[in-house]
Protein chains: 2
Amino acid sequence: MAKKAGPRAKAGEQAGAARGEERIRQRNEKAILRAATTLFAKKGFDGTRATEIAERAGLPKANLYYYFNTKEEIYRAAIRHLIAGWDKALRHIRADADPFEALEAYVREKLDYARKNADESRMFANEIISGAPFLSRADRKHMHDITLEKTLIIEQWVAEGRMRPVNPRHLFIVLWSTTQFYTNFEKITCDTLEKPRLSPSDYEDAARTIVETVLRGLRPGKASSDP
Amino acid sequence: MAKKAGPRAKAGEQAGAARGEERIRQRNEKAILRAATTLFAKKGFDGTRATEIAERAGLPKANLYYYFNTKEEIYRAAIRHLIAGWDKALRHIRADADPFEALEAYVREKLDYARKNADESRMFANEIISGAPFLSRADRKHMHDITLEKTLIIEQWVAEGRMRPVNPRHLFIVLWSTTQFYTNFEKITCDTLEKPRLSPSDYEDAARTIVETVLRGLRPGKASSDP
DNA sequence: ACAAAAGCTGACCGAAGTGTCAATTTATGG
DNA sequence: CCATAAATTGACACTTCGGTCAGCTTTTGT
């Protein structure tokens, strides 16, 4: 199939007037994706109605289908967008950096990213819990490759005696889980902290807790393993 | 409304033949709840069709509506069930216990519970991410109260110098996030560990990692905070 | 200025899904 | 065994929702 969805779906800004070319299309697609992400995050794919997305984007429903062929296409576009931001924070993990400075920077940035992009973060979590039915093999490979690369750096640090021995894959899992929990499970976090909403200072407390528990446990030092 | 849903919805086993009283009803409700939990976990409330639940429970759809008035009622019943298991693992946190033995036992049991009740755990995660629209105030208060109680114990341990200073609420959040991540986000965990499925030994590795990072960081010892 | 392309939209359709019901069968208690 | 309650179910009513379409308006290039 694939018959309509606008006349020129691809072919970015190749030449000619770079000014406002495709301005309208870009603005509307962005509005649709923003609205969709918020709704998908809260209500999931099936729980979100095309009409709702349209309303939130300030467009009539039929207009949605001028830009996208199906609701699923909107969902996939949103997923693609958030996959692109996956590895941002990982750039701190460099072999020539100080392990603990690098890991702390990573934790703080990840926490910050989740806070500032709460909807994306939640939508992603939803997708994974549901078994990642819309993640392409390429998406998963990408995430996997990036992780593997950073894994090797951790192993190197361990080999150099700069950190305690640790399974780097599990370490990343622990770091992901903690940094995403605050945003993804905001409701339960708020209940626990007895706050109506999470403030920046709560995120600061979170960062400190993660650094002082998870990371401190990895600092080299005489073995105090058994009591 | 609320007109049907079986003749005797409540009034457990009060008297008379305790043998097979209400056997059929009990069996069927259980089958429905089990089937529903699995589906709600994977596809969310709106993504799950009443027909699917019925099929999975081995019943015709109309029979579902003999036991429950609405799909929402099924969902609520499932939620109620899993809230009941929330505090199981927390029983290890007792003031007279050794802090690290207690915390390790807690971590291991929580990990184990999540693994063995993956569907419930995922359904719960789904509910929270979506903003906990079906959690009653009482449910939330229950969770909050239990947590508060354990929080005080941690504070006592800190005051006695048996652990490093830590914000107990954040500590619990870190512990929840890590212990639930493996099950809730199984897909991403598998990709990261390069396994098709998680084996018990992977969970053992997870437990060890959590204990050796998160918990080790809390052991008292001379301050090695700054480099 | 004007033609062609892009953008917009109200009205509509068919598929699918929730919940209903009346009629039938099965279990239970005396 | 019979009467009454419980359990079962196929067929159906009603609604909602994803997606279409034909014709309209606006923008753009020349």
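Here is a short chat about a predicted model of two protein chains and a DNA strand.

Biologist: Let's start with the pair of chains. How much area do chain A and chain B bury between them?

Modeller: Each partner joins in, as chain A gives 56 residues to the contact and chain B gives 56 residues. Of the buried area, 63% is on carbon and sulfur atoms. The total that chain A and chain B bury between them is about 5,100 Å².

Biologist: Which three residues supply more of the area that chain A buries against chain B than any other three?

Modeller: We're looking at chain A's half of the contact with chain B, which takes 56 residues from chain A. The top trio supplies 13% of the area that chain A buries there. Its members are I129(A), H170(A) and R216(A).

Biologist: Okay, now charges. How many salt bridges are there between chain A and chain B?

Modeller: Take one pair to begin with: the side chains of E194(A) and R169(B) meet in a salt bridge, at 2.9 Å from N to O. That fits the cut-off, because a salt bridge needs a Lys or Arg side-chain nitrogen within 4 Å of an Asp or Glu carboxyl oxygen. The count between chain A and chain B is six.

Biologist: And which element gives the largest share of the side of chain A that touches chain B?

Modeller: Several helices of chain A give two or more residues to this side, among them α1, α6 and α7. By class, the side has 22 nonpolar, 17 polar and 17 charged residues. The largest share is eleven residues, and it comes from α8(A).

Biologist: Let's peek at one residue, K150(B). Is K150(B) buried or exposed?

Modeller: K150(B) is in helix α7 of chain B, residues 137-159. Leaving out residues up to four places away in sequence, it touches L90(B), R91(B), I93(B) and F172(B). Its relative accessibility is 9%, so K150(B) counts as buried.

Biologist: On to the DNA! Which element gives the most to the surface near DNA strand D?

Modeller: 21 residues surround DNA strand D, and K61(A) and Y67(B) are among the closest. Elements from both chains supply at least two residues each: α3 of chain A, plus α1 and α3 of chain B. The one that gives the most, with four residues, is α3(B).

Biologist: Last one: how far is a phosphate oxygen of DNA strand D from an N or O atom in the side chain of Y67(B)?

Modeller: Sugar and phosphate make up 68% of the strand D atoms that come within 4 Å of the protein. For Y65(A), a polar side-chain atom lies 3.0 Å from a phosphate oxygen of the strand. For Y67(B), the distance is 2.8 Å.

Notes: Residues numbered from 1 in each chain as written. Chains lettered and ligands numbered in written order. Predicted model: local features only at pLDDT ≥ 70, side-chain atom pairs only at ≥ 80, totals over all residues. Heavy atoms only, no water. Buried < 20%, exposed > 50% of the residue type's maximum accessible area, 1.4 Å probe, protein only. Contact = heavy atoms within 4.5 Å. Buried area = accessible area lost by both parts, 1.4 Å probe. Nonpolar A, V, L, I, M, F, W, Y, C, P; charged D, E, K, R; others polar. Near = heavy atom within 4 Å. Polar contact = N/O pair within 3.5 Å; in protein donor to acceptor, adjacent residues only side chain to side chain.
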